[in-house]
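Work through the exercises below with the sequence and the model open. Try each task before reading its solution.

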Amino acid sequence: MATPSIQAMRSHYTTSWKNFLASSKNLEILSSVPADCPQSPSVLYVLDSSFNPPTLAHLQIAASALREKPDSPARLLLLLATQNADKPAKPASFEDRLLMMELFAHDLLSHLQSSQQQQQQLPQIDIGVTRKPYFVDKAAEIENADIYPASLEQVHLTGYDTLIRIFNPKYYPPEHTLQPLAPFLSQHRLRVTMRPNDEWGSQEEQQNFLVNLAQGGRASEGGKPEWAQRIQLVQGSRSEDPPVSSTKAREAIQQDPELLGTLVPPRVRDFLSRETPYAGS
C-alpha cells in the first residue's frame with residue numbers, strides 16, 4: 001500500500017483541520033487507511049493519545065490488541081483530542097500530529113503484515129479528532145456520532161496510568177463519583193497495558209487494582225464490582241526495558257537523533273528527520 005506524499009497529506013490535514021474547527025461537530029473522521037474497506041468490523045479498538053509524536057509504544061499497544069483475534073475483522077480509531085484547539089498546539093501542531101498519525105497507520109499495517117504468524121485480516125485504521133476532553137464523553141460521542149454501527153463494541157486501548165485517571169472521581173463533577181462510568185462499562189471495554197515502574201507499582205500491585213474493584217473496594221465511590229470483568233490487563237514492557245514515550249522521542253530529536261529508530265516507527269522517524277516539526281521546541 002503506497003503512502004501518500006507528505007505534501008498531499010499536509011494539504012489534506014490543513015484543510016480538514018480548519019473545516020473541523022469551523023464546524024459544530026464534536027467528532028470527525030478525517031482519513032482512513034486504507035480508504036475503502038468492504039468488511040464489516042466486529043469490534044472497534046480506540047487508541048486515544050496526543051500522538052506527539054506516535055511511538056513504538058503506541059504501535060505495540062495497537063498491534064497486541066489486533067493480533068488477539070486475528071480471524072475477526074476489526075477497525076482501529078486513532079483519536080486526537082483537541083480541547084484546546086483555539087490555542088496553538090505545542091510543541092507540534094495539530095496538523096503535523098494528524099499527518100504523523102496517518103504515517104503511523106501505514107507503519108502499523110506494514111508491521112502487522114510482516115510479523116503475522118497466520119493469515120490475518122488487516123484492520124481499517126481511522127484518523128479522527130474530537131473536541132471532548134474526558135474519556136466517558138469521547139466514548140459516548142463515538143457511539144452517537146452515526147459513524148460506526150450503534151451496536152459495535154468499543155475496546156479502548158490505554159496504559160495503566162490512564163486507567164488510574166479514568167477511575168479518579170475528581171474528573172466527574174458535580175457529584176464526584178464513578179457513576180458516569182456505568183453507561184460505558186455496561187457496553188464497552190478497556191484493554192489496559194501494564195507499566196510496572198516506581199511511579200505505578202509492580203505488576204502485582206497493578207493487578208490488585210482489578211482485584212480490589214471486583215471485591216467491592218470502590219463501592220463507596222460508585223464503582224461496581226462487575227466492572228472488573230470489562231477490564232483486561234495485559235503485559236507491556238518489562239521494568240528493565242528502556243522506556244519508550246513521546247517525551248523520550250522529543251528529547252532524542254534534540255539530543256541524539258540516532259536513537260529515534262528505537263523510539264518511533266520508520267515512516268514517523270523519516271518524517272521527523274526531514275520535516276523537523278519540533279525544531280525550536
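## Exercises on a predicted model

Arg-195 counts as partly exposed, at 32% relative accessibility. Here buried means under 20% relative accessible area, exposed over 50%, and partly exposed in between (1.4 Å probe, protein chains only). The model is predicted, so local features need pLDDT of at least 70 and side-chain atom pairs count only at pLDDT 80 or more, while totals for chains, interfaces and linings use all residues. Residues are numbered from 1 along each chain as its sequence is written, and side-chain values use heavy atoms, with hydrogens and water left out.

**Exercise 1. Find the salt-bridge partner of Arg-195 and place both residues.**

Step 1. Apply the criterion: a side-chain nitrogen of Lys or Arg within 4 Å of a carboxyl oxygen of Asp or Glu.
Step 2. The partner is Asp-161, with the closest N and O atoms 3.0 Å apart.
Step 3. Place the pair. Arg-195 is in the loop between E6 and helix H7 (203-214), and Asp-161 is in helix H5 (residues 160-166), 34 residues apart. Helices (H or I, at least four residues) and strands (E, at least two) are DSSP runs, numbered from the N terminus.
Step 4. Check burial. Asp-161 is buried, with a relative accessible area of 14%.

**Exercise 2. State how many salt bridges the whole structure holds, then examine two long-range pairs.**

Step 1. The search finds 13 salt bridges.
Step 2. Take Asp-48 and Lys-138. Their side chains meet at 2.5 Å, N to O. Asp-48 sits in strand E2 and Lys-138 in helix H4 (residues 135-144), 90 residues apart.
Step 3. Compare accessibility. Asp-48 is partly exposed at 29%; Lys-138 is buried at 9%.
Step 4. Take Asp-107 and Arg-267, which meet in a salt bridge of 3.0 Å, N to O. Asp-107 lies in helix H3 and Arg-267 in helix H9 (residues 266-275), so this pair ties together parts 160 residues apart in sequence.
Step 5. Asp-107 is buried at 4%, and Arg-267 is partly exposed at 26%.

**Exercise 3. Describe how H3 packs against H9.**

Step 1. Get the geometry. The angle is about 145°, and the axes are 7 Å apart. Axes are lines fitted to C-alpha atoms, for helices over the stretch in contact, and angles run from 0 to 180 degrees between N-to-C directions.
Step 2. List residues in contact (heavy atoms within 4.5 Å). From H3 they include Leu-99, Leu-103 and Asp-107; from H9, Arg-267, Phe-271 and Leu-272 are among them.
Step 3. Sort by class. The contact has eight nonpolar, two polar and three charged residues. Ala, Val, Leu, Ile, Met, Phe, Trp, Tyr, Cys and Pro count as nonpolar, Asp, Glu, Lys and Arg as charged, and the others, Gly among them, as polar.

**Exercise 4. Give the strand order of the sheet and name its edges.**

Step 1. Seven strands form an open, mixed sheet in the order E1-E4-E3-E2-E5-E6-E7. Two strands pair if DSSP finds at least two bridges between them.
Step 2. Strand E1 (27-33) and strand E7 (231-234) are the edges; each has a single partner, so one side of each lacks a neighbour in the sheet.
Step 3. The twist averages 25° from one strand to the next.
Step 4. Zoom in on E6 (residues 189-193) and E7. They run parallel, joined by four bridges. Leu-190 stands opposite Ile-231 in E7.
Step 5. Add helices. H2 (residues 56-68) packs on the sheet, its direction making about 130° with that of E6. H3 (residues 94-115) also packs on the sheet, touching E1, E3 and strand E4 (124-130).

**Exercise 5. Classify the aromatic pair of Phe-167 and Phe-209.**

Step 1. Recall the rule. Rings of Phe, Tyr and Trp (its six-membered ring) pair if their centres lie within 6.5 Å; planes under 30 degrees apart count as stacked, over 60 as edge-to-face and the rest as tilted.
Step 2. The centres are 5.3 Å apart and the planes make 85°: edge-to-face.
Step 3. Both are buried: Phe-167 at 2%, Phe-209 at 12%.
Step 4. Widen the view. Ring pairs link Tyr-160, Phe-167, Trp-200, Phe-209 and Trp-227 into a cluster.

**Exercise 6. Locate the unusual backbone around Pro-53.**

Step 1. Most residues other than glycine have a negative phi, and most peptide bonds are trans.
Step 2. The bond joining Asn-52 and Pro-53 is cis, with omega about 5°. Pro-53 lies in the loop between E2 and H2.
Step 3. Phe-51 is found in the loop between E2 and H2. Its phi is positive, about 45°, and Phe-51 is buried at 0%.
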